[in-house]
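Please find below my notes on this model, set out as numbered points. They take up charge, fold and the relation between copies in turn.

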Number of protein chains: 4
Amino acid sequence: MGIFRLGHVDIRVPDLELATAYYTEVLGLLEVAREPDRVYLKCWDEHDHHSVVLRYAPRYGLDHAMYKVDAADDLDVYERRLTDYGCTVRRMSPGEEPGMGEGIRFESPTGHQLELVHRVDKVGNLLPKTNPPPAPLSLPGIHPPRIDHVFLTCEDVDGATDFFMDILDFRLTEQLMASDGHRLGSWLERSHSPHDLALITGPQGGLHHFAFWLDDWNAVRAAADILAYHGVRIDMGPTRHGITRGYTIYFFDPVGNRNEVFTGGYWHDPDAEPITWTEDQMGKAIFYYEGAINEEFLAVHS
Amino acid sequence: MGIFRLGHVDIRVPDLELATAYYTEVLGLLEVAREPDRVYLKCWDEHDHHSVVLRYAPRYGLDHAMYKVDAADDLDVYERRLTDYGCTVRRMSPGEEPGMGEGIRFESPTGHQLELVHRVDKVGNLLPKTNPPPAPLSLPGIHPPRIDHVFLTCEDVDGATDFFMDILDFRLTEQLMASDGHRLGSWLERSHSPHDLALITGPQGGLHHFAFWLDDWNAVRAAADILAYHGVRIDMGPTRHGITRGYTIYFFDPVGNRNEVFTGGYWHDPDAEPITWTEDQMGKAIFYYEGAINEEFLAVHS
Amino acid sequence: MGIFRLGHVDIRVPDLELATAYYTEVLGLLEVAREPDRVYLKCWDEHDHHSVVLRYAPRYGLDHAMYKVDAADDLDVYERRLTDYGCTVRRMSPGEEPGMGEGIRFESPTGHQLELVHRVDKVGNLLPKTNPPPAPLSLPGIHPPRIDHVFLTCEDVDGATDFFMDILDFRLTEQLMASDGHRLGSWLERSHSPHDLALITGPQGGLHHFAFWLDDWNAVRAAADILAYHGVRIDMGPTRHGITRGYTIYFFDPVGNRNEVFTGGYWHDPDAEPITWTEDQMGKAIFYYEGAINEEFLAVHS
Amino acid sequence: MGIFRLGHVDIRVPDLELATAYYTEVLGLLEVAREPDRVYLKCWDEHDHHSVVLRYAPRYGLDHAMYKVDAADDLDVYERRLTDYGCTVRRMSPGEEPGMGEGIRFESPTGHQLELVHRVDKVGNLLPKTNPPPAPLSLPGIHPPRIDHVFLTCEDVDGATDFFMDILDFRLTEQLMASDGHRLGSWLERSHSPHDLALITGPQGGLHHFAFWLDDWNAVRAAADILAYHGVRIDMGPTRHGITRGYTIYFFDPVGNRNEVFTGGYWHDPDAEPITWTEDQMGKAIFYYEGAINEEFLAVHS
């Protein structure tokens, strides 16, 4: 099967206490473990050890993202392909990162540090495995059930799209084409969702945002209520994407990283043809209701 | 009981065919009657003859708004009070406007033509009076069940608020106060909803928008889908008001009148104290999620 | 204006601690005051002193229901009409019941103790009156914003309907007619909602249920989740009524009183014609989705 | 990857016209092709040729179900495994069934005719592949975006669960265990959803129901409105499953086949542990809100 989901994002934060307070109280993630300069968090319905790492660093941004693979053999396959492609691949031992099993680490041609990991320690969601209710009651903040995707910037979206499709077996769901025929953005999946990873033209190694899954449009409203209650700056939304069809809010954590809550979208068959958006429809493509992109969306990234 | 609901808005449109197509196909109102220069429309769940009149005129804007009163005596009471206040009041005969019963017409101190009408011909909603289903299926467009309120501009909101409260028995639900102590806006009700009428500082006789009721937040989403599908320009939303707590989209009809779809809010007891908003919180007051007002909201009115 | 809302229900409970735990933790009402044998509760968005009284008594059921009137004069008018009708009316002094102003008490021809009260002490909802957020965060349980209606049983629905319409100025919104032409049920309003009071054929003085308002269909789902989580017995729903069009769940408090959570419905103009349901469509009238009434609905009342 | 989704169900109907009218007008499927004794239907957001076949037959029930596989090689692998297991496997030529590519057909140990197909003709959803809106407007009936799962009865759920896991690589998400330790039901997935296939104790070769995906709880309400409007008999719901956490309505087509509309649930990681339900909690497991199973649910199958 290869890659089957985004495992975690490791985020740089210049104020670890402030960021932890925000991610636990406003977003409602659960703190799983803590080291002097890192805090490990998970969404309530995730079983794996963590899906977000907050890492002390002088400037905000993405340290690395990790995708999970199905079989130990997958690591060998991808290590070989990546090496052949020209990436320097480093083997990671189980436990080198808390909760993580065996893995490989490399820098993608987009300038991002990426990891593939085979096994992750299970800490369980908040429910029993026998006769569970559908959800706990009274979780704090937005409490998304799980992380959804990461959205990265890079200079050469065409080349990067080929890389993720050819080397890592991602499938292209949607693409935004400049009038001169090159791709401005690509949406890629391994989980039959509209995207587990997306790329947009911008600086090498940049993070546009990372996103959490919500149950439905009503949960998007509830998230907006919670964000506004806490005075969190909303970048855009609640609104709908043309690309992915998803419902969304973009907003910023207190140190400058853009977050998204996302739901909706569609089931993407592995044999489906990708959807193409043309640059003149870029407004609708990104924000379907507004039909236009706010300047901040284009300008801000970390 | 006196006034118990907004009856109709009579809107000026420089292109009657274009406006009719929009109000019937995108908003999904029903055409009830037509004259050479006027089209009479209603929402599906309204029983009265019409709630919107499109009237040919060279420039967009509000011709007049009508509120319904409970008893024939109410007309006498309000005629006397209005005359004492200094308004010129004109009696309207039944049938002078299609479907309308006896009424009075006057210019309010805000510079708007307003009517009070005692009886309106019943044309029925689209359901039988015996064993009705809860709603028809397959209505076109947004198809709001009913009109909700009208939002007017005037130069002296304090004076106008007193007028509507003292002379017409409106109750104040919320007020937006400038730092110097005068009112920038007032929200007034006769139906226990957050507002049947609202006033905001601006030109005398101006229309900021008129609004249709929707069932819930999900209907707001569906409305946004329909607006975007038809390429209608959305001014703001889907979002939430701080004032009224309501969920909203603002958008423009093809000739320049601002429409709103609105839902949520609260039940307002007649003995409830009004809520006060201070000018420094005006952003949250108007658009709770954004915490800021877009320039268009302030600038555009008809 | 006369009566404008249901003020409170006073409920008999044989286990005051158990009932209080249920109404505060599962329903999520707020405890306002307590006496040795009574607990006073309110919904979060109500401003008045209380809307539910739990009263120790050996058997469950309704002690009395209270409706609020707009003006002190209303009490005189209704006292006179009630006395003329043949009811024994007792004046109630302010403070005779905690938080209540001046009032009158009488037994209606349905066998119920009813009160009309002019003023109720304001304790406020949980929000400031200046620049309030739309709602508090993290309220426990179902936390309905307000009480909605009470549904009573009596032997002579036709006579009772006349009484509430003629003497107390209720307006008929819907009626369920037996094939022989007498009414099996009546739905009556004073607040432009589908019902502030309803009557169904059954024992004199019986309580079928009392109901709390919820925001929308999604809140009905959340309520069902909370009820099931706590193992509360659900009688019917989530489903929809034909009568009122409302969305509903019926369920029982731990001592046997039936509760409802309700939302939806429609705006009822005071000049609207009532809707009639025929006995052969009684299933759809009560439970529109099922098209049939469960036996418990008919059999159980308190 | 192997099997990645339920492709189609082929349903026996004794009245082809009546069934076609129901599936196109009430469920809102699209007719793709027609033969004298078969009608081919699809959901609006599916790209493949069809997902439902209505086949004239004297008695209702399931003729066969088809799952799609990712690669031509998958057919070889499964053919070999099935043959080794003892199944008689028949190769199907492309076009043997309208729109279908190469495939294999066999009888599972549960007594059902199943097919695996490699390629299916693409007919497209109703949207363009360039700059599409998120959905068409004004689709008739319930119009689910896609088929979701099939629920089968068999005598030996334990043996059948092993078969689907060992031979066809399904993953177990949940299981309902009798007090004596054998499985009463199994929920199995290939698409990271709670189930693409489920099994419950009952007659060999029986169909309990097949299910369509809906967007959210609000779409479940809208479906209930449409079903009730058309007088379709609802078996259960709107309600929630304990198993799968999904929101659901069960109802019957006019010839006796049980349909479901389903949404919600969770993302199932391929390395997740299954959830176990015990027989004493069977009520909550199947209908979480009611906590009990209606007799019809157990008794009726086709």
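1. How far apart are the mean positions of the positive and negative charges of chain A? In this predicted model, the mean position of the 26 positive charges and that of the 48 negative charges of chain A are 3 Å apart.

2. As to secondary structure, chain A is built with 17 strands and six helices. Of its contacts between residues at least 6 apart in sequence, 64% join residues that are at least 24 apart.

3. The overall dimensions deserve a short comment, since chain A has a radius of gyration of 18 Å, which agrees with the value near 19 Å that a compact globule of 302 residues would have. Taken along the principal axes, the box filled by the C-alpha atoms of chain A is roughly 50 × 45 × 45 Å.

4. On burial and surface, 65% of the 302 residues in chain A are buried, while the accessible surface of the chain comes to about 9900 Å², with 49% of that area belonging to carbon and sulfur atoms.

5. Turning to the copies, a turn of 180° with a shift of 0.0 Å along the axis lays chain D on chain C with an RMSD of 0.0 Å, and that is the relation of a two-fold axis. The residue of chain D that comes closest to this rotation axis is Pro238(D), whose C-alpha lies at 3.1 Å.

6. Finally, on the interface, 100% of the interface residues of chain D are also interface residues in chain C, so the copies meet through the same surface.

Technical notes. Residues numbered from 1 in each chain as written. Chains lettered and ligands numbered in written order. Predicted model: local features only at pLDDT ≥ 70, side-chain atom pairs only at ≥ 80, totals over all residues. Heavy atoms only, no water. Helix = DSSP H or I, 4+ residues; strand = E, 2+ residues; numbered from the N terminus. Rg over C-alpha atoms; globule rule 2.2 N^0.38 Å. Buried < 20%, exposed > 50% of the residue type's maximum accessible area, 1.4 Å probe, protein only. Contact = heavy atoms within 4.5 Å. Areas by Shrake-Rupley, 256 points an atom, 1.4 Å probe, with all protein chains shown as cover. Lys, Arg positive; Asp, Glu negative; His and termini not counted. Charge placed at Lys NZ, Arg CZ, Asp CG, Glu CD. Least-squares fit on C-alpha atoms with pLDDT ≥ 70 in both.
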